[in-house]
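Let's look at how aromatic rings meet inside a protein. Have the model open while you read.

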Amino acid sequence: MPLLRFLLLPFRAPLVLLLFAVATVMGNHWTVFQQQLLQSNGLDAPVFWTVEVLQALVVVVVCTMPDLLLRQISMLMASSRVFSLVVTLLLVITSGLYLLQLKLLADVLILASAVLLARLDLTRIRVVPSPQVMAFWMAVIVLAGIWLGHNLPIPLLMQPASVPI
């Protein structure tokens, strides 16, 4: 019976399918973006994909476990004023540098919105596992979608053959 409930989960919470579709589109979009970066900057493909996958995983973890993360950060910052200042400066500088590149911010906001909507839909149907389990399964869904999107044909590169006149 639990297997049947698990298989019916996408029909009971359709925003989980939306999360998979968004991840698939992101994977395809990043493949196109990778092609453009390889031609213009000479960036290595493994470095590009490592950064994009780490970005997606950070978004999933932050969106599925915000209470645990904020509790740990606040306990860490309460231990020392110097440490609090160092952590705050590090977060502000890192986020400021990250926000300077608005293309990346748009991808992060879209992915974060999809993860939060899927989580809200799961909460609506009362499927609330522990935050670690939720983060793991959301990461699996996002990474599977990115992998599928990466392996789909790229629409910009599939141009029709030229027809002689």
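**Rings and core**

Q: Is F48 buried or exposed?
A: This is a predicted model, where local features need pLDDT of at least 70, side-chain atom pairs count only at pLDDT 80 or more, and totals for chains, interfaces and linings use all residues. Residues are numbered from 1 along each chain as its sequence is written, and side-chain values use heavy atoms, leaving out hydrogens and water. Buried means under 20% relative accessible area, exposed over 50%, and partly exposed in between (1.4 Å probe, protein chains only). F48 has a relative accessible area of 5%, so F48 is buried.

Q: What kind of pair do the rings of F136 and W137 make?
A: Rings of Phe, Tyr and Trp (its six-membered ring) pair if their centres lie within 6.5 Å; planes under 30 degrees apart are stacked, over 60 edge-to-face, and the rest tilted. Here the centres sit 5.1 Å apart and the planes are at 75 degrees, so the pair is edge-to-face.

Q: Which residues form one aromatic cluster with W30?
A: Take contact as heavy atoms within 4.5 Å. Skipping neighbours within four places in sequence, W30 touches residues including F48 and W49. The cluster joins W30 with F33, F48 and W49.

Q: How many residues are in the largest nonpolar core?
A: A nonpolar core is a set of buried Ala, Val, Leu, Ile, Met, Phe, Trp, Tyr and Cys residues joined through side-chain atoms within 4.5 Å. L19, W30, L122, M138, V142 and I146 touch the most other members, and the core's total is 28 residues.
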